[in-house]
Amino acid sequence: MQVLDGAPATVFGLTEAGQAAMLKRFPFLAAATVASNTHKGQVASVRSAAAWNFVLVHKDFPAADACLMTKAVLSATDPRAQIYASAAGTRAVNAINNTFLPFHQGAQKYYRETGINNLK
């Protein structure tokens, strides 16, 4: 957005094949679509790739603390989008999109308690 504010630029997206290749090469990314008019001069939606927000802890981190930390992040009542726009998608239901990192046992406990059982 800073580039578009300061200089002429063109926003373009990935082709379907390009998006698929990027997701295969970088499994921590997810398919995304940037809605039209998100950027200055962008009149159509474009395919992209996005990275999910996540927190890493050591496998020996206390499970009870990991559960509490996961709960604190995912049950906050303040609009995460006001904190940082890309954090708006930080929701428990999006945990199923994680296909590359193992979940800590404490985080798994929180997800099970909220009804999310199909984690990979």
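In the predicted model, Ala-92 is buried, with a relative accessible area of 15%. This value falls in the buried class because that class covers residues under 20% relative accessible area. Ala-92 sits in the loop that runs between helix 4 (80-83) and helix 5 (105-113). When residues up to four places away in sequence are not counted, Ala-92 touches Leu-74, Tyr-110, Tyr-111 and Ile-116. The separation of Ala-92 from His-104 was also computed: the two residues are 12 apart in sequence, and their C-alpha atoms are 14 Å apart in space.

Charged side chains were examined next. Side chains of opposite charge can pair when their charged atoms come close. The structure contains 3 salt bridges.

One of these salt bridges joins the side chains of Arg-47 and Glu-16, with an N to O distance of 3.8 Å. Arg-47 belongs to strand 2 (residues 46-51) and Glu-16 to helix 2 (residues 16-25), so this pair ties together parts that are 31 residues apart in sequence. Arg-47 has a relative accessibility of 35% and is therefore partly exposed. Glu-16, with a relative accessibility of 57%, is classed as exposed. The strand 2 member of the pair is thus partly exposed, while the helix 2 member is exposed.

A salt bridge is also present between the side chains of Lys-59 and Asp-60, where the N to O distance is 3.6 Å. Lys-59 counts as exposed at 65% relative accessibility. Asp-60 is likewise exposed, its relative accessible area being 57%. Both values place these residues in the exposed class because that class begins over 50%.

A salt bridge is found within helix 5 as well. Glu-113 pairs there with Lys-109, and the closest N and O atoms are 2.3 Å apart. The two residues are separated by 4 positions in the sequence, which is about one turn of the helix. Glu-113 is exposed, at 52% relative accessibility. Lys-109 has a relative accessibility of 40% and is partly exposed. The difference in class follows from the cut-off, because a residue must be over 50% to count as exposed.

Helix 5 (105-113) thus appears in two parts of this description. The helix bounds the loop that holds Ala-92, and the salt bridge between Glu-113 and Lys-109 lies in helix 5.

Terms used. Residues numbered from 1 in each chain as written. Predicted model: local features only at pLDDT ≥ 70, side-chain atom pairs only at ≥ 80, totals over all residues. Heavy atoms only, no water. Buried < 20%, exposed > 50% of the residue type's maximum accessible area, 1.4 Å probe, protein only. Contact = heavy atoms within 4.5 Å. Salt bridge = Lys/Arg side-chain N within 4 Å of Asp/Glu carboxyl O.
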